[in-house]
Structures are given as structure tokens and as C-alpha cells.
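Open the model in your viewer and keep the sequence panel beside it. Here is a short tour, one selection at a time.

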Amino acid sequence: MTFNVHEKIDEQLLHVEARELHRFLSGATVFDLRHAEVQPFFVSTLLHGNETSGWDAVRRFVSDYPKASIVLFVGNVHAAAREMRHLPNEADFNRIWQAQPWHSYLNDLLETYQPWCGIDIHNNSGPNPHYSVITDHNASTLALATLFSNKVIFTDHTLDILAHAVSSHCPALTIETGTVEDPTSEQRAYDFLECLNTIRRVPTSLQCELESYATIGIVKVEHENGNLGNFPRFDESLKRKSFQTLPAGSPFIDSLPSGWQVNVLDPAHDLDLTHDFLEFRNQSAFLKRDVIMSMFTHKPLLAIQDCVCYFLKTASLANG
């Protein structure tokens, strides 16, 4: 994994689809598009190659606002060529930022560029309202989040994500737009970039009433032989219930074939919470307690590479 730095972006590149970027970029690339005396904001996209709405929004934004002062990081162009989150046997680009040399390299870049905020644009793997993910409770971070959505999730489970590394330099968000297939995903990301370019500073107060949550568990699935066939069948209604409270007793797994395991983990505290949340009955599983769910996916490869979903609780982040 290598990084390239360019001080301009060719007009031709702004007309290139994400899956074709590998023809023009040899790997992860930083575009230094700062303008004199205007503090930039940092934007990253395509950390996951199958999440392309961010690139579509960014290239349209750069075309429409050539004088915008930004630092743009374009991530996994090789995975984008194959429309995959990341390539087989390759590290997840959004799970490397506590490791070396990536942590030091990013710190050096941010020390040089001094952005006033950082935004990492993602798509969701299933139907979800637009929301942001944060890794601290700072008032400036919360205020920035309310410019994008009234929904925000705090996590201390995945502190190797890019936004967490950026947050030591400036307020930073992961913004989760809808699915790639949803045309509002690109527009929502574009509108947010346009907003940041207009205000050029973090708001001093919340811009709307926050609906805030905290991650309490990650639902993981795996097969003892790494086999994608005969994937567990999760309750069909789950894909429509993100950010809704699922009551205790709700069906979660309709069929768990032999060889598969579904676990609920708290990696922040190295805990296995499976039996706190799930009651297994033969090849099925039901919730043992009320829970709020986000980012649910039925897609086997995405579930294995990342997770089935996150379990949440409501939280009063603005009060710490």
C-alpha cells in the first residue's frame, strides 16, 4: 500500500467512474487542492471500493467549486475496479489507521495541511437513514455532525477507522449515506460538501436536536472453513428496521446451518456478548433483550468482511 500526492486534479479524472480510477491512479492518492489563505477541510472517499457515492459527489463538487480549499484522499481504487469492499487477502482501508506506517503517514499529512475538519464518506450496506459516526463527545464534533444529520452514533469499538485518526487533529466524522443504488446518497454527500465549503468553520452550537446512539455490540458471522455457501438466513424484516427498537423475543436468525457461527462482540472491551443478546433454539435465534440495530446487511461477503449489523443503545452524547 503506497500513497501518491498530487497538487492538482486533472479535469479528465473528474469524469472517470470509480471502477475506472485504477487506470489513472496507481493506488491511494492525496490531492492537495488547497488555496492560499483559505484553511482546507479534509475529505476521504473510496476507502471501500464498493462505496462509490462519495467519489461521485466529490468529483461533481470539485468541478462545480474549483476554488474550494480541500485536501482529498482517494482510497482503494483497485478494489473499486472490482466493485469490492477490499480485495481478498488485503487489509480493510478503514481498519488500518492505528497501525504503522499508515498512522504516522496520516499524522504527517495532517500536520502539514492543518484542516479545520475531516470527513470520510461511506455508503451503507443496507437501507438506513443518513447518519454520522463519531469517536469522541467533543462539542465541536457534535456540532459538525448536526450539519449532516440529526442521527449520530458514538463508537469506541472501531478506533482503527480513518475518522478517529483524523480526530486528533480536528473535528472529524464518518458520514454514512444510503446504499450505492440510492441516488440520494450522492446528493446528500454533495450537499454536505457544499455546506462545508460555504461555512468554512465548525459551528459553535448544535444545528438541530440530536438523536444520538452508542454502539454496544457488533454482530459477526463466520464459517469454520470460510465457506460462503449456505449462508445463514436472517429474519427478512430486519433490513427495514434500522434505527428502530427491536423488542426482546424478536426473531433474528431463521436458519443457522451447520458450520456457521453468529456472535455478538464488544471488541473495545474484548467481550463476547452473544448469550447476553441472543437465545438460540435449534437452528434459529431470538433477541433476549430490546435492542436498536444499524447497518444490517443480508449480503454474505459484506457480512463476513465487516459485520451483519451493529447493536446500539440511545445515548446523551451532548451531555458527555
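Select Ser-284 first. This serine sits in strand 16, which covers residues 284–287. Remember as you look that the model is predicted. Now show the side chain of Ser-284: one of its polar atoms lies 3.1 Å from the backbone oxygen of Asp-254. Which residues does Ser-284 contact, leaving aside neighbours within four places in sequence? They are Ile-253, Asp-254 and Glu-279. So Asp-254 appears twice here, in the contact list and through its backbone oxygen, given that contact means heavy atoms within 4.5 Å.

Step back to Asn-282. Asn-282 is in the loop between strand 15 (278–281) and strand 16. Check its backbone: phi is positive, about 55 degrees, although the residue is not a glycine. Is Asn-282 buried or exposed? Its relative accessible area is 83%, so Asn-282 is exposed; the cut-off for that label is over 50%.

Jump to Glu-37 for another positive phi. Here the angle is near 65 degrees, again in a residue other than glycine. Glu-37 belongs to the loop that links strand 2 (28–33) with strand 3 (41–45). Glu-37 counts as exposed because its relative accessibility is 87%.

Next, select Phe-41 and move inside. Phe-41 is among the residues with the most contacts inside the largest nonpolar core, which has 46 residues. Others in that group are Ile-9, Leu-21, Trp-55, Leu-72, Val-74 and Ile-119. Display what surrounds Phe-41. Not counting residues up to four places away in sequence, Phe-41 touches Phe-61, Ser-69, Ile-70, Val-71, Pro-115, Trp-116, Cys-117, Leu-193, Leu-196 and Asn-197. Then colour a second core, separate from that one: it has 25 residues, including Leu-256, Val-264, Phe-277 and Val-291.

Now go to Gln-100 and Pro-101. What kind of peptide bond joins them? The bond is cis, with omega about 5 degrees. Pro-101 lies in the loop between helix 2 (77–81) and helix 3 (102–113).

Finish on the surface. Select Leu-228, Leu-301 and Ile-304 together. These residues make a nonpolar surface patch of about 220 Å². Ile-304 is in helix 8, residues 300–305. How accessible is Ile-304? Its relative accessibility is 33%, so Ile-304 counts as partly exposed.

How values were computed
Residues numbered from 1 in each chain as written. Predicted model: local features only at pLDDT ≥ 70, side-chain atom pairs only at ≥ 80, totals over all residues. Heavy atoms only, no water. Patch = residues over 30% accessible without salt bridge, like charges linked within 9 Å, V, L, I, M, F, W, Y side chains within 5 Å. Areas by Shrake-Rupley, 256 points an atom, 1.4 Å probe, with all protein chains shown as cover. Salt bridge = Lys/Arg side-chain N within 4 Å of Asp/Glu carboxyl O. Helix = DSSP H or I, 4+ residues; strand = E, 2+ residues; numbered from the N terminus. Buried < 20%, exposed > 50% of the residue type's maximum accessible area, 1.4 Å probe, protein only. Polar contact = N/O pair within 3.5 Å; in protein donor to acceptor, adjacent residues only side chain to side chain. Core = buried A, V, L, I, M, F, W, Y, C linked by side-chain atoms within 4.5 Å.
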